[in-house]
Amino acid sequence: MEDWLLALPSLLVTLREGVEAALVVGLVLTVLGQTHRQDWYPWVGVGVLGGLGLSLLGGGLLMVVLQSLTSMRPRWQYGVEAGLELLAAGLLTWMLLWMTRQGRAVAGTVRQQVQQQEQGWGIGLLVAAAVAREGLETVVFIGAQFSQGWLPVAGALAGVAGAVLVGYLLFGLGMRLPLGAFFRVMGSGLLLIVGGLLVSSLLHGSKAVADAGVGLGMLVWDTSSWLPDQQWPGVLLKVLLGYRDHLYLLQLLVYGGFIGGVGTWYYRSLSGGASKGAAVRGS
């Protein structure tokens, strides 16, 4: 069970990213139906497949590069993981804050772009770009966990399946889902996941240049004897909250600063902007 919990972060990230892509695809289909261009529906499917293909291609290339680097210099694995974790943390943070504030504006922009298209292939490109953007962000996140093997990939596949189900319930069956609450909960979870990425990145960075913990300050706690982060329930706390059984001062400061600073910005954005759920209902 402990092993399967390692798939949870990629499941949550992929589910959130996938639902965002599903909302864009659903909005495109809605606008096409409203403007009596149902004959362009196949181009939407082409765009979805194209976006997924680009994401898979990017993921495959990334994994080949990572495997090549770490096989040539095994110690480089720590540096590569640290860099990817920082990149993933940056992308996910930007996505979380920017999309929270711009959800309604993005829906309006997509609607306008669809209405302005004069060729079906333009619709395909629009959808492909939206799907590929969300997919590549997910690919970077999964790449940052490449040392964990196939479990992050399994979690990502489950997240994609969940996103497809949400899209079908919304636009296929016409159900009204509490998307605002969904994105608020997922956003809170994402904050904790990114905080854990930063903690892990610092540790991997210290391993890349020296021994673990060097340059991270004093050891704040060592709970490995009674709550190890590789066994239940410590692994659950690690996956959901960024818990580590060895935590150094710099890790604690970075984690606390991120959760406090970015978390405050995020929740203020929620109160000041429209959610994606409102954007879709408004369409």
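Helices (DSSP runs of H or I, at least four residues) and strands (runs of E, at least two) are numbered here from the N terminus. The model is predicted: local features need pLDDT of at least 70, side-chain atom pairs count only at pLDDT 80 or more, and totals for chains, interfaces and linings use all residues. Residues are numbered from 1 along each chain as its sequence is written, and side-chain values use heavy atoms, with hydrogens and water left out.

Start with helix H2, residues 8–34. H2 packs on helix H6, residues 151–172. Their axes (lines fitted to C-alpha atoms over the stretch in contact) are 7 Å apart. The angle is about 30°, on a scale from 0 to 180 degrees between N-to-C directions. That makes H2 roughly parallel to H6, since angles under 35 degrees count as such. The crossing of H2 and H6 is right-handed (near helix turned clockwise from the far one by less than a right angle).

What lines that contact, by residue class? There are 15 nonpolar residues, nine polar and no charged. Nonpolar means Ala, Val, Leu, Ile, Met, Phe, Trp, Tyr, Cys and Pro; charged means Asp, Glu, Lys and Arg; the others, Gly among them, are polar.

Now H2 against helix H7, residues 179–209. These axes come within 10 Å and cross at roughly 140°. H2 and H7 are therefore oblique to each other: not under 35, not over 145, not 65 to 115 degrees. This crossing is left-handed, the anticlockwise case.

Stay on H2 for charges. The structure holds two salt bridges (side-chain nitrogen of Lys or Arg within 4 Å of a carboxyl oxygen of Asp or Glu). One of them joins Arg 16 to Glu 20, with the closest N and O atoms 2.7 Å apart. Arg 16 and Glu 20 are four residues apart in H2, so about one helical turn separates them.

Last, the surface. Met 218, Val 220, Trp 221, Leu 249, Leu 252 and Leu 253 form a nonpolar patch (over 30% relative accessible area, no salt bridge, side chains of Val, Leu, Ile, Met, Phe, Trp or Tyr joined within 5 Å). Together they have about 520 Å² of accessible area (Shrake-Rupley, 1.4 Å probe, only the protein chains shown as cover). Strand E1 (219–222) and helix H9 (249–272) each supply at least two of the patch residues. H9 gives the largest share, three. Met 218 sits in the loop between H7 and E1.

Notes:
Patches are made of residues with over 30% relative accessible area and no salt bridge: like charges are joined within 9 Å, nonpolar side chains (Val, Leu, Ile, Met, Phe, Trp, Tyr) within 5 Å.
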